[in-house]
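Colleague: I am new to this structure and would like a close look at a single part, the open sheet and what lies around it. Please take me through it slowly.

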Amino acid sequence: MKRMLGALLALSLFALPAQATAAEPNTPTTSPTQTTTPGAPEVEGRSALLMEKETGSILYELNSHDRLEPASVTKIMTLLLTMEAIDAGALALDETVQVSARAASMGGSQVYLKEGETMTVHDLLKAVAVASGNDAAVALAERIAGSESAFVERMNQRAAQLGMADTTFLNCTGLPAPGHLTSAHDIALMSRELILHHPAIRDYTTIWMDSLRDGAFQLSNTNKLIRFYEGATGLKTGFTASAGYCMSATAERDGMELIAVVMKSTTRDTRNESAKSMLNFGFANYTVLDVRPAQALPPVDVLLGQSPTVQPVLAQSGRILVQRSQVNAVETAVTLCPDVSAPVEQGQKLGTLTVTVAGEERQTIDIVAGQAVERLTYPGILADLLQRLFMAK
């Protein structure tokens, strides 16, 4: 009799409208960190900033929004747009580019391209990333956008999309031009975009020495940290008499990558030492941790489902930046709905994982259905009812 009543109850529930919640976009929140850790880095320069790549957290800053000349650090945006064109299929590494008279006429740092010479995109990228070739940068810009001026329009559009409110680009090289300005903050933003979404750029920015033209022209990286700093991954140096010595230095250790920007330093050595000091500070005081539930997530009951339960999973992996002194203060809490009505969509939100550090909420991650569960049909319920009745006998 109990089995009969249960089956009749299931039929009555089936007549009620089922509610299925669409999966909500997961937007984990990581609070940007302004360090108060003792022993702040020693920086010799007008402006500086230290950022952690994955979360975008700021660990140290000095006059970070001052608008200054970036010199060849400008080429980070040139590299970003080039890598985006490659990833979009609009440009190929093995494609050859013919050098224009204008590209060949660029002064400053160069690889001495000749008008009419052809060079692959791969080699032009090397020339920009390793030797800071102004001629190579213009050649890439002209190939991608048709002219340097059109490419510069794209640079400024991309800067606006990235929130680089301090930035105005007037060329793709960083050669002095009145009004060509950016900030340490904005350089960190475009550096992060480049290394976060285009990791293949490391194939170029980590080169210490190489060559072009079948070995006839030697390249040596202008970023000496590549050779002399553990974990260095890039990114770009710059110098003009008016801009001073500038740098966006990136390095990775133990799964954490940092971006150290220095602007308007007085010498190459003080610039490099300032970048190293910030990187050392970041690696010594911070770490990035994976976050996950303390225990395996239990199945969630599905009402009127073709499967009695659905397995919840994290919508995405979670990682947070914490001070090393707070590693043991990281805690996670799971909130799950007790049951859900069929049909269940794959990715449907079932709960949340909340991450706290020393009691302060730092991140929330959606917990979602790992698979879809269809709703039982009338024939399905009747078949289940009959099976139960026969099993009772």
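Modeller: What follows describes the sheet, then one residue within it, and then a pair of helices and a strand beside them.

This is a predicted model, in which local features need pLDDT of at least 70 and side-chain atom pairs count only at pLDDT 80 or more, while totals for chains, interfaces and linings use all residues. Residues are numbered from 1 along each chain as its sequence is written, and side-chain values use heavy atoms, with hydrogens and water left out.

The open sheet has five strands in the order β2-β1-β9-β8-β7, and their pairing is antiparallel. Here strands (E, at least two residues) and helices (H or I, at least four) are DSSP runs, numbered from the N terminus, and two strands pair if DSSP finds at least two bridges between them. At the edges lie β2 (58-62) and β7 (232-240), each of which pairs on one side only. On average, neighbouring strands of this sheet are turned by 5 degrees against each other, direction ignored; axes are lines fitted to C-alpha atoms, for helices over the stretch in contact, and angles run from 0 to 180 degrees between N-to-C directions. Strand β1 (residues 47-52) is joined to β2 by four bridges, and the two run antiparallel; within this pairing, leucine 50 has tyrosine 60 of β2 as its bridge partner.

Strand β8 (residues 244-253) holds serine 248, which counts as buried because its relative accessibility is 0%, where buried means under 20% relative accessible area, exposed over 50% and partly exposed in between (1.4 Å probe, protein chains only). Leaving aside residues up to four places away in sequence, serine 248 touches several others, among them Val73, Ile76, Ile187, Gly234, Leu235 and Val261, contact meaning heavy atoms within 4.5 Å.

Turning to the helices, the axes of α4 (residues 121-131) and α5 (residues 134-145) come within 8 Å and cross at roughly 135 degrees. The two are therefore oblique to each other, since angles under 35 degrees count as roughly parallel, over 145 as roughly antiparallel, 65 to 115 as roughly perpendicular and the rest as oblique. Their contact is made by Val121, Leu124, Leu125, Ala127 and Val128 of α4 with Ala136, Ala137, Ala139 and Leu140 of α5.

Finally, serine 211 sits in strand β5 (residues 209-212). Although 84 residues separate serine 211 from alanine 127 in sequence, they are 9.0 Å apart in space, C-alpha to C-alpha.
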